[in-house]
Amino acid sequence: MAVSFDLSGKTAIVTGANTGLGQAIAVALAGAGADVALVGRSSMADTEAAIAAAGSGKSHTIKADLSTIEPVQDVIDQAIAWTGRADILVNNAGIIRRADAIDFSEADWDAVMDVNLKTVFFLSQAFARPLISEGRGGKIINIASLLSFQGGIRIPSYTASKSGLAGLTRLLACEWAGKGINVNAIAPGYFSTNNTEALRNDPDRNSAILGRIPAGHWGQPEELGGAAVFLASPAADYVHGVVLPVDGGWLAR
Ligand code: NAP
């Protein structure tokens, strides 16, 4: 039997698809044939244009601020109203707040936990409900982090949220694998996006990070797309509960 990475006829939902890793993932999934619902609070014009230029799967924008769980049901309903189905959910939207642990505020704790963990859980629940009631499978891909494995510094709520996300990925995999829903995560290493701008602008942190990456360069967002296509595809049908590092070798060091 030939291995298939083809996503034709599938509908994917990607949160935070306007920029950075979410944009690259949306473009990669569309390139593999999926129709992609682009979810977020900012203009998706760049991502829509990139998908249209590639000329395979089509895209559709769904406006939602994911800092609360208020829009989650509407996001799933709108995606299903668009194509009649939702097969793949990529929980990519995420934020980071930096301060020494000793000074870290409750506001910075709650904001990060809400977007990175609470909304991810309830959006996954809303996505899985129709799949389970219709008795058909699907794919959930959570965007975790090296901070799902390591401690880091000055980002306590981010590390807690991404470590929690690894656990949530495993729990949902255990509950839903038997229902044909694959729940996995990708742990990106250090990628060149808005999320890491402060690090790249700090000459000491920038050279310390670069010097520790075996591949010798910051990840470029398009270097993440292949892992997302794999986990979204039939090729990953027996893959459940993994947190897959795509990190230029960082964790192997
Ligand atoms: P980014 O460029 O800052 O993108 C973050 C995305 O999340 C943006 O689309 C952002 O939308 C969206 N978002 C944040 N809060 C939102 C909200 N309340 N409602 C809707 N959308 C919201 O950073 P990125 O690096 O691409 O991050 C994507 C994911 O990868 C995050 O989960 C991040 O933690 C993870 N990650 C990144 C790296 C890295 O090295 N870059 C490493 C490990 C993990 P707006 O543009 O509207 O704010």
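This is a short chat about the ligand site, pockets and cavity of a predicted model.

Me: Where does the ligand sit?
Reply: In the largest pocket. This is a predicted model, by the way.

Me: How much space lies in that largest pocket?
Reply: About 1100 Å³. Elements giving two or more residues to its lining are α1, α4, α5 and α6 (197–200).

Me: And how many residues line the largest pocket?
Reply: The lining has 47 residues. Nearest the pocket centre are Gly94, Ile95, Ile96, Tyr158 and Asn195.

Me: What's the class split there, for the largest pocket lining?
Reply: 20 nonpolar, 19 polar and eight charged residues.

Me: Back to the ligand. Which residues come nearest?
Reply: Asn18, Arg41, Ser42, Tyr158 and Thr193, out of 28 residues around the ligand. Tyr158 is also among the residues nearest the centre of the largest pocket.

Me: What does Asn18 do with its side chain there?
Reply: One of its polar side-chain atoms lies 2.5 Å from a ligand oxygen.

Me: How far is the Arg41 side chain from a ligand oxygen?
Reply: 2.7 Å, taken from an N or O atom of the Arg41 side chain.

Me: Which ligand atom does Asp65 approach?
Reply: A nitrogen. A polar side-chain atom of Asp65 is 2.9 Å from that nitrogen.

Me: How much of the ligand does the protein bury?
Reply: 92% of the 880 Å² that the ligand exposes when taken alone.

Me: Which elements give two or more residues to the shell around the ligand?
Reply: α1 (20–31) and α5 (156–176).

Me: Shell by class: how many nonpolar, polar and charged?
Reply: Eleven nonpolar, 14 polar and three charged.

Me: New topic. What about the second largest pocket?
Reply: About 160 Å³ of space lies there. The lining has 15 residues, with Lys10, Gly137, Gly138, Lys139 and Asp237 nearest the centre.

Me: How many charged residues are in the lining of the second largest pocket?
Reply: Six, alongside four nonpolar and five polar.

Me: How many cavities of 30 Å³ or more does the structure hold?
Reply: One. The largest cavity has about 50 Å³ of space.

Me: Which residues line the largest cavity?
Reply: Thr15, Leu66, Asn91, Ala93, Val115, Thr119, Val120 and Leu123. By class, five are nonpolar, three are polar and none is charged.

Me: Which helix gives the largest share of that lining?
Reply: Helix α4 (residues 106–134), with four residues. Helix α4 also gives two or more residues to the lining of the largest pocket.

Key: Residues are numbered from 1 along each chain as its sequence is written. This is a predicted model: local features need pLDDT of at least 70, side-chain atom pairs count only at pLDDT 80 or more; totals for chains, interfaces and linings use all residues. Side-chain values use heavy atoms; hydrogens and water are left out. On a 1 Å grid over the protein atoms alone, a cavity is a set of points where a 1.4 Å probe fits but cannot get out, and a pocket is an open set with protein on both sides within 12 Å along at least five of seven lines; lining residues have an atom within 4 Å of a point. Grid points are joined across faces, edges and corners, and a volume is the space filled by probe spheres set on the points. Ala, Val, Leu, Ile, Met, Phe, Trp, Tyr, Cys and Pro count as nonpolar, Asp, Glu, Lys and Arg as charged, and the others, Gly among them, as polar. A residue is near a molecule or strand if one of its heavy atoms lies within 4 Å of it. A polar contact is a pair of N or O atoms within 3.5 Å; within protein, one must be able to donate a hydrogen and the other to accept it, and residues adjacent in sequence count only if both atoms are side-chain atoms. Accessible areas come from the Shrake-Rupley method with a 1.4 Å probe; for residues, only the protein chains shown count as cover. A molecule sits in a cavity or pocket if more than half of its atoms lie within 2 Å of its grid points.
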